Amino acid sequence: MRVIIQPDYNELSQWAADYVVHSINRANPTARDPFVLGLPTGSSPLGMYKCLIKHYQEKKVSFRHVITFNMDEYIGLSPEHPQSYHYFMWHNFFDHVDIDPKNVNIMDGNAPDLVEECMRFEEKMEEAGGVDLFIGGIGPDGHIAFNEPGSSLVSRTRIKQLTHDTIVANSRFFENDIRQVPESALTVGVGTILDAKEILILVNGYSKAKALVQAIEGAVSQMWPITALQLHKNSIIVCDEAATLELKVGNYKYFKEIQERVGYQTGR
Ligand code: GLP
């Protein structure tokens, strides 16, 4: 696991966007051989999306041959609902870049058969050749996508009931009214994320410090689903200083030193 510590949210976002641009350009995708990107919602990736839009406008990257799969979607919100992940993705990213709408995959939280919808999503990922780079955020309790504590670490895309903690955390997007937050969602599984060729997790702010310390120093446990990252060959956490506050000093220094020594920028 690589841990990249950036001074603040702004630089974290820029680093992540640069990494995505670098990964897409390195793959040199074509219509026949597209780049497959897994994408998150939430406040953590917003800065990255803004930087990606800028890079697109500056012609540093094109999304024409990129296929995307979003991690999750609430059950029961219409795609036009401002808090649906459909709305989030189009509004904050897709509407501003040259992605082909046919290449955008977001689960339908209103599908008549939700189990079928999850299976279809997994099949589409497989047909696309698997995800090249899965980007994610984490919840304060270490959840990834909507894989709440207790989620199987080999889980696949499925329906998930949200924990009270997540409903409370996400109520900030629903006028701080927990009654408006959907109680369930469709989410890729931990196993689905681990199948990606590479994983990039964005962690910012002190509210994520307890989850970050588990991700890096904790034992692999279904009670902290993000710890599953330790089982992946090719994972990167990019975080800001505030998120590192619970790390052991020695570990913090180790990762900082590697960064300085190896000069780990965008690529290996
Ligand atoms: C939600 C999403 C997760 C996201 C998490 C953290 O629960 N399903 O994918 O990582 O929130 O959100 P934020 O980035 O706003 O802290």
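I count a residue as near the ligand if one of its heavy atoms lies within 4 Å of it. The model I am reading is a predicted one.

**Entry 1: the ligand shell**

I listed the residues around the ligand and got 14. Those that come nearest are Ser43, Ser44, Asp72, His143 and Lys208. I then sorted the shell by class: six of its residues are polar, five are nonpolar and three are charged.

**Entry 2: polar contacts of the ligand**

I looked up N and O pairs, with 3.5 Å as the limit for a polar contact. Serine 43 places a polar side-chain atom 2.6 Å from an oxygen atom of the ligand. Serine 43 is thus noted twice, since Ser43 is also listed among the residues that come nearest. At alanine 145 the backbone is involved: one of its polar backbone atoms is 3.2 Å from a nitrogen atom of the ligand. For asparagine 170 I noted a polar side-chain atom at 3.4 Å from a ligand oxygen atom. I also checked the cover: the ligand taken alone exposes 390 Å², and the protein buries 97% of that.

**Entry 3: the largest pocket**

Where does the ligand sit? I find it in the largest pocket. I recorded a volume of about 550 Å³ for the largest pocket. Its lining comprises 30 residues, of which Thr41, Gly42, Ser43, Arg172 and Phe173 are the closest to its centre. Ser43 therefore appears in this list as well as in the list of residues that come nearest to the ligand, within the 4 Å limit.

Which elements each supply at least two residues of the pocket lining? I noted strand S4 (72-74), helix H3 (85-92) and helix H5 (164-170). H3 gives the most, with three residues. By class I have 14 nonpolar, 13 polar and three charged residues in the lining of the largest pocket.

**Entry 4: cavities**

I turned to enclosed space and counted two cavities of 30 Å³ or more. The largest cavity holds about 50 Å³ of space. I listed its lining as Ile144, Val190, Ile193, Leu194, Pro225, Ile226, Ala228 and Leu229. How does the lining of the largest cavity divide by class? I get eight nonpolar residues, no polar ones and no charged ones.

Terms used
Residues are numbered from 1 along each chain as its sequence is written. This is a predicted model: local features need pLDDT of at least 70, side-chain atom pairs count only at pLDDT 80 or more; totals for chains, interfaces and linings use all residues. Side-chain values use heavy atoms; hydrogens and water are left out. A polar contact is a pair of N or O atoms within 3.5 Å; within protein, one must be able to donate a hydrogen and the other to accept it, and residues adjacent in sequence count only if both atoms are side-chain atoms. Accessible areas come from the Shrake-Rupley method with a 1.4 Å probe; for residues, only the protein chains shown count as cover. On a 1 Å grid over the protein atoms alone, a cavity is a set of points where a 1.4 Å probe fits but cannot get out, and a pocket is an open set with protein on both sides within 12 Å along at least five of seven lines; lining residues have an atom within 4 Å of a point. A molecule sits in a cavity or pocket if more than half of its atoms lie within 2 Å of its grid points. Ala, Val, Leu, Ile, Met, Phe, Trp, Tyr, Cys and Pro count as nonpolar, Asp, Glu, Lys and Arg as charged, and the others, Gly among them, as polar. Grid points are joined across faces, edges and corners, and a volume is the space filled by probe spheres set on the points. Helices (H or I, at least four residues) and strands (E, at least two) are DSSP runs, numbered from the N terminus.
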